[in-house]
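Here are my notes from going through this one, in the order I'd raise them over coffee. Have the viewer open while you read.

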Amino acid sequence: MYFISRVVFLFIIMLSNYPISASAQDTLHTDITVAGNCDMCQDRIEGIANASPFVIDAWYIIDEKTLHIDHIDQFNVDSLAHILAIGGHDAGNYLASESAYSNLPTCCQYRNQVEVESDKFESEQNMIHTDLFVDGKCGMCQERIEDIAKNFRHVINASWDIQERILHVDHVKQFNEKNLQRLLARFGHDTELIKATTEAYNQLHACCKYRGDGEECSTGEDGLLEGASKNIVQGIILEQNEVGRESALIGANVYWLGTNTGATTDIDGYFLIDREPSSDQLVVSYVGYENDTLSIGNKNHVEIIMSEASIMREVIITHRKKTTEISMLSVNKVQRIGEKELLKAACCNLSESFETNATVDASLTDAVTGARQIQMLGLAGPNIQMTREGIPDIRGLAAIYGLSFTPGTWIEGININTGTGSVVNGFESITGQIDVALKKPDRSERFFFNFYGNEMSRLEANMHFSHRFSDKLATGLLIHGDIIPTKHDNNNDGFLDHPISEQFVGLNRWKFYGNNGLEGQVGIKITKLDSRSGQVNFNHGAADQNANSWGSRMQVDKYDIWGKMGKVFPSKPHASLGLQVAASYFDQNAYFGLRPYVADQTTIYSNLIYQSLIMDTRHSFKTGLSFQLDNYNESLRDMQAHERNETVPGAFFEYAYKPSEKLSVVAGLRGDYHNNFGFFTTPRLHVRFAPSEKTVFRFSGGRGQRTASIFTENIGAFASSRQFQILGSQTSDNPYGLEAEVSWSTGFSFVKEIAVNNRAMVWQFDFYRTSFENQIIVDYDHSPQTVLFYNLDGDSYSNSFQAQVDYELLPRFDIRLAYRLNNVQTTYLSGKRQKAMTNRDRAFLNVQYKTNNDWTFNYTLNWQGNKRLPDTNQNPKNFQHPGRSPDYFVTNVQLNKSWDDKFSAYIGAQNLFNYRQENPILAPDDPFGQYFDASIVWAPVFGRELYAGIRFTIK
């Protein structure tokens, strides 16, 4: 009876804290892990759950140790887990006490003695004691300091010694001492590392003024609330990843419900907000999570943890985090592809990571080498600035093959920024920026293994290791290897449908945190590739003995090393200083038939960034200096060697104005000096207007400039008999005798989120125009036997429109539908024409359904409109392509099953209905003749590819 009365009492408390609407509400579903043994456990667990006034139905599956709950919005799973633990059942994040567990009947006691002793030992071992100096004066100070510390996350107990002014803290290892000191300082108490601001200190009660004489006082039950700081609420918002590790959530919006009083979290996830007499409901808003409201009452400090379940102290939001997020807060439009989005497809490397994304296209460069390229806004991949966590990564000689050097399982997320990027990241962004974030050593799983195999005999293995030496030092090791050992010629044209290859990529990164806001990382990456293609009977081991057959080989060694250092100033939490440095060496030894192509590239990069405020948070800025050095050596048969050294020092300034949550403006300007092209400026502007929280308009515009690496960026042309001709200045010192590519880009986007059946439907409409002052024209039309490179003389532009809708049609049933139209026109020697090999229309459908028992089904349908093909009318009729390709559909499917977040298996099919381009190679029987051409590829070559794989994770 005692237990039942406690359960009833706790549910009465729950009722008092949650308003109940008499109207019908939509049903939500939540699963929670609960320990139990038998049918009696099942009855008890289901009885407790179904006693909640917010639960519609609850059922417990003993074998799965899972309680399935249908409920309305007000349901609090954290409270239910607490009550179940009181009843003796470990549930969620709550462990039943020994006394509660021992009261269970013998048949229900799911623990054994070894486990009990182990848990007790682990609890004792995990207890850590820390002493830290906190300044104060009186009993009221003591209550305030202890109240803050005891309610701080991961603190078990805390006591403050008034005489010694030492705070004694018992805690577990996840405790963050610096964050507690910062919180204490914001309430007016100096600590050993952080001094309270004058404003915070002045808000203390007069008797607490330890820096001078103060009044005497007595403490009461009000404790903390007796001080002037009762008019302020402070706190921290953290994000919890899949393995349970927490990090600061920067830029989250916090505001009082029904008011205009709000704040934004800083670099440490902290916020400070004045109380509003009219409301005690605090709303937290962040991209990727539904808004929710937390009742503050008399609390002056709170901790909020956002995870895939969006955990808060009193509230748990049971929506699922989106696998692809569109930022509603950033000034420029940023689309983030998360890890779970990448799992929807085979996703073996970066070039294959966009199969479920409508913004980026991926295709083959030719029908022989197997190299893949991407496009965005109708323009080729080299026009996209490719970075790895803000550092330039895939560029120059790596523009095409470099896309395969980042394995998909390494990726934590991909940020796609359409339109011009920030001047902080450089001047090379023309159509936008794709920034790849790799798994962090301090946040990723301890061990991960993935094994993949497909129908074309491709085998791939990935292993990830991470280790935290302490809260201040962690390391991660990422290893990838893949091999394609078997030859295939399914269309019987005498050429391999894909290369035979071996690739190894390894990366080691160290991340460290110092004192006083200092943190950094260093990393090294090694890549080795050997890819062999060509005719089936070609012997790559004796290339000089193959006079009558055509073969190709690409051997690459690439070495990268980089470092980052950041400094946040405790006295100025909005100010920080960052330094990025990187160096890489790319060595390529390749041949294509009788045409060798040997090249190397050395790159050194540095970027120093300082950011702070101007007067207040409405005005902020970033400024800094950058330096980039590229040394290229290219040797191509029948052409002069091309050596170029490019040095570009530069400086930038970016100003951000945010007068309200509705309007944000970012204006940037950078000046750079190129040793060949001289001094140039790069202005950029981004504007965001949000008339409501769920509606955002954006405008962007600016200039971009880059140096084209004409051979490697058009690697597909090597798979032909076309002769390369450069129509540049013979006397110029410019690379290849050509000018730099210069473009102006403007764009408009509209994002609207509406609620349909209590689920968010997100609409996106984008229009971008990129026009070139100068462009390096790659002309396949002048003659089927040549490819010309020359400076633009006339108009060249790309207009791109895209519409997309994302919606959870049914619980756990997501649908994404998109349509894109590109109009890309270029002036060639023969006149203005639509750009070849670029489709005008594309439609896209992606569907995902996940069951309650962790089966996931994905289906993707791509419709590719027709493309203009390069002019081959000068060839004999049997060596001609039609003027346009047909349109076609490609379908991909995947089925995935997970067990306990540790093991999963997946099977799938790319190009399920086996659509292939017929006769992708012109004159395959005469590869050394003038009509041989494998570079005109507009559809899949291999056809259907079945694949399967397994994943194993230790968190």
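1. Let's start with the largest nonpolar core. It has 40 residues, and the members that touch the most others are Tyr597, Ile710, Phe711 and Ile715. Strands supplying at least two residues each are β29 (551-569), β30 (572-592), β31 (595-614), β32 (616-636), β37 (723-726) and β41 (786-791). The top contributor is β30, which puts in 3 residues. Keep in mind throughout that this is a predicted model.

2. Phe711 is a good residue to centre the view on. Ignoring neighbours within four places in sequence, its contacts include the aromatic residues Tyr597, Phe718, Phe724 and Tyr736. Leu636, Met639 and Ile726 are also in contact with Phe711, as are Glu634 and His642. Tyr597 turns up here as a contact of Phe711 and also among the core members that touch the most others.

3. There is a second core, separate from the one above. This one has 29 residues, among them Ala158, Cys207, Ile236 and Tyr270. As general background, nonpolar side chains in soluble globular proteins tend to be buried together.

4. For the overall picture, the protein chain has 955 residues, and 56% of them count as buried. Its secondary structure comes to 9 helices and 49 strands. Take the contacts with a sequence separation of 6 or more: 63% of them join residues 24 or more positions apart.

5. Now the helix pair I'd look at. How do α6 and α7 cross, left-handed or right-handed? The crossing is right-handed, with the axes of α6 (residues 139-150) and α7 (residues 177-186) coming within 10 Å at roughly 145°. On the α6 side the contact is made by Ile145, Ile148 and Ala149, and on the α7 side by Leu180, Leu183 and Leu184. That makes 6 nonpolar residues, with no polar and no charged ones in the contact.

6. Staying with α7, the helix is mostly covered, as 8 of its 10 residues are buried. The buried set includes the contact residues Leu180, Leu183 and Leu184, but also Asn179, Gln181, Arg182 and Arg186. Ala185 is buried too. If you follow the chain just past the end of α7, Gly188 has a positive phi of about 105°.

7. On cysteines: how many disulfides does the structure hold? The count is 0. The pair worth zooming in on is Cys138 and Cys208, where the sulfur of Cys208 is the closest cysteine sulfur to that of Cys138, yet at 3.7 Å it is too far for a bond. The cut-off for a disulfide is 2.5 Å between the sulfur atoms, so this pair doesn't make it. Cys138 counts as buried at 12% relative accessibility, and Cys348 is buried as well, at 2%.

8. Two backbone spots deserve a look in your Ramachandran plot. Most residues other than glycine have a negative phi. Glu389, not a glycine, has a positive phi of about 50° and lies in the loop between β20 (384-388) and β21 (391-394). Its relative accessible area is 11%, so Glu389 is buried. Asn911 also has a positive phi, near 55°, and is located in the loop between β48 (903-910) and β49 (945-954). Asn911 is buried too, at 4% relative accessibility.

9. Ser533 belongs to strand β28 (residues 518-534). Is Ser533 buried or exposed? It is buried, with a relative accessible area of 2%. Setting aside residues up to four places away in sequence, Ser533 touches Val368, Thr369, Leu496, Pro499, His540, Gly551 and Ser552.

10. Finally, an exposed residue. Thr33 sits in strand β1 (residues 28-33) and is exposed, with a relative accessible area of 53%. Beyond residues up to four places away in sequence, Thr33 touches Lys65, Asp90, Ala91 and Gly92. Take Asp90 from that list: Thr33 and Asp90 are 57 residues apart in sequence, and their C-alpha atoms are 8.2 Å apart in space.

Methods:
Residues are numbered from 1 along each chain as its sequence is written. This is a predicted model: local features need pLDDT of at least 70, side-chain atom pairs count only at pLDDT 80 or more; totals for chains, interfaces and linings use all residues. Side-chain values use heavy atoms; hydrogens and water are left out. Buried means under 20% relative accessible area, exposed over 50%, partly exposed in between (1.4 Å probe, protein chains only). Axes are lines fitted to C-alpha atoms, for helices over the stretch in contact, and angles run from 0 to 180 degrees between N-to-C directions. Helices (H or I, at least four residues) and strands (E, at least two) are DSSP runs, numbered from the N terminus. A crossing is left-handed if the near helix is turned anticlockwise from the far one by less than a right angle, and right-handed if clockwise. Contact means heavy atoms within 4.5 Å. Ala, Val, Leu, Ile, Met, Phe, Trp, Tyr, Cys and Pro count as nonpolar, Asp, Glu, Lys and Arg as charged, and the others, Gly among them, as polar. A nonpolar core is a set of buried Ala, Val, Leu, Ile, Met, Phe, Trp, Tyr and Cys residues joined through side-chain atoms within 4.5 Å.
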